[in-house]
Amino acid sequence: MNINGKTKAVGLIGWPVEHTMSPLIQNAAFEAAGLDYVYIPLAVRPDQLGQAVAGLRSLGFAGVNVTVPHKVNVMDHIDCVQRSAELVGAVNTIVFTDGQATGYNTDMDGFIQSLKNEKVVIKGKKAVLLGAGGAARAVVCGLLEHGANEVLIGARDGQKAQLFAASFAGIGQTIGHSWYDDDFTNSLLECDILVNCTPVGMYPQVNDEVSLVWDKLQPTCVVCDLIYNPATTKFLERARREGHKTVGGAAMLIEQGALAFELWTGISAPRDVMYKKLAEVIAAKR
Ligand code: NAP
């Protein structure tokens, strides 16, 4: 990397940002594409968010990714939000153009692209999600926006799942249940796309697995996990043993990053380089 006076800066704002893999993946992508860009992790305290966004704007940053805990509050400090961010109610990418800051949500589009890569049909299908947090919100919006008939959200806290489901009123058909309820278990019979949106099974707790009544699922159900470390969770291993097609979280991670790269540069992202770098970074963490 040869940083000079013409180098364009992008980065990640979050608190904390020590464990992010994005700088290694994005900088590898810029290098492979021959672009004079640098991606910098920027730790921004929650009470400094407004000043940080103003600073990035005046420093001439081309854009930034936004992570926890700023994804919602950052919307108060930018000029406009694109449809995906408006739907999800959270921004994970900002583009600065001529002093204007526009917010996007590439998590939503990244998840959908990860399904499209595997030719998974969404239109007219029923989906079941495990977990009702920030990532689940992007997944629900993406599925409904791409024509899913219904999304059922199961979480360990049934009341939370119901409130979460109700927050999509006007976007599409959603239902929330405790995942311990019979109604939830029976809903698996009609599920076409099942998505683990909890961190259960994520490194270092790689032997943990969300429990599920697997024999309720139809063999055609596609099983997804948002976790990308490990690339194949115990949950996905089980799904494969049961004969299901699976989609891991690495594809969503790379697709959301590739979409951000493309928004900042206007150039197609070298996804193969990004996948390779992710695999290297995960292997080095072991
Ligand atoms: P979050 O906002 O904290 O939500 C986590 C959800 O999982 C909540 O519903 C939480 O339930 C539930 N949960 C947490 N621990 C649980 C446990 N031990 N048993 C049962 N349920 C549990 O987290 P998030 O940002 O949505 O992230 C969720 C997962 O997605 C993480 O593994 C993250 O790495 C992954 N992710 C991947 C990508 C990607 O690009 N591939 C992007 C974003 C996130 P309570 O509310 O009851 O605590």
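**Ile282**

I started with Ile282: buried or exposed? Ile282 comes out buried, at 9% relative accessible area. This is a predicted model, so I read every value here as computed. I placed Ile282 in helix H10. Next I asked what Ile282 is in contact with, leaving aside neighbours within four places in sequence. I got Met21, Tyr228 and Asn229. I also checked Ile282 against Ala54, which is 228 residues away along the chain. Their C-alpha atoms are separated by 34 Å.

**Helix H1**

I moved on to H1, residues 22–33. How far apart should the ends of a helix with 12 residues be? At 1.5 Å a residue I expected a span of 16 Å, and the end C-alpha atoms are 16 Å apart, so the two agree. Just after H1 I found Gly34, with a positive phi near 70 degrees.

Then I listed the buried residues of H1: Ser22, Pro23, Ile25, Gln26, Asn27, Ala28, Ala29 and Phe30. What covers them? I noted that the cover includes strands S1 (8–14), S2 (37–43) and S3 (63–66), along with helices H9 (249–265) and H10 (271–285). H10 is also the helix that holds Ile282.

**Gln26**

I picked one residue of H1 for a closer look, Gln26. Gln26 is buried because its relative accessible area is 2%, and buried here means under 20%. Where does the polar side chain of Gln26 find a partner? I found the backbone oxygen of Gly257 at 3.1 Å from a polar atom of that side chain. Setting aside residues up to four places away in sequence, I have Gln26 touching Tyr39, Asn65, Gly257, Phe261, Trp264 and Met274.

**The mixed sheet**

I traced an open sheet of six strands in the order S2-S1-S3-S5-S6-S4, and its pairing is mixed. S2 and S4 (80–81) are the edge strands: each has a single partner strand, so one side of each lacks a neighbour in the sheet. How many bridges link S1 and S2? I count seven, in the parallel sense. For Gly14 I looked up the bridge partner in S2, and it is Ala43.

**The parallel sheet**

There is another open sheet of six strands, S9-S8-S7-S10-S11-S12, with parallel pairing. Its edges are S9 (174–178) and S12 (246–247); each has a single partner strand, so one side of each is left open in the sheet. S8 (residues 150–155) joins S9 through five bridges, and the two run parallel. In that pair I matched Leu152 with Ile175 in S9.

I spent some time on S10, residues 193–196. Which way do its side chains point? Ile193 and Val195 go one way, Leu194 and Asn196 go the other, and all are buried. On one pairing, S7 (residues 126–130) runs parallel to S10 over four bridges, and Leu129 has Val195 as its bridge partner. S10 is also joined by four bridges to S11 (residues 222–225), again parallel. There I found Asn196 opposite Asp225.

**Cysteines**

How many disulfides are there? I get zero. Cys141 is in none, and the nearest cysteine sulfur, in Cys197, is 12 Å away. Cys141 has 0% relative accessibility and therefore counts as buried. For Cys224 the closest cysteine sulfur is that of Cys221, at 8.0 Å, which is too far for a bond. The cut-off I used for a disulfide is 2.5 Å between sulfur atoms. Cys224 is buried as well, with 1% relative accessible area.

**The ligand**

Last, the ligand. I have 19 residues around the ligand, and the closest are Ala132, Ala135, Arg156, Lys160 and Leu226. Which backbone atoms come up opposite its oxygen and nitrogen atoms? A backbone N or O atom of Gly134 is 3.0 Å from a ligand oxygen. For Gly249, a backbone N or O atom is 2.9 Å from a ligand nitrogen. I also noted a polar backbone atom of Leu253 at 3.3 Å from an oxygen of the ligand.

Terms used
Residues numbered from 1 in each chain as written. Predicted model: local features only at pLDDT ≥ 70, side-chain atom pairs only at ≥ 80, totals over all residues. Heavy atoms only, no water. Expected span 1.5 Å × (residues − 1). Buried < 20%, exposed > 50% of the residue type's maximum accessible area, 1.4 Å probe, protein only. Contact = heavy atoms within 4.5 Å. Pairing = 2+ DSSP bridges. Near = heavy atom within 4 Å. Polar contact = N/O pair within 3.5 Å; in protein donor to acceptor, adjacent residues only side chain to side chain.
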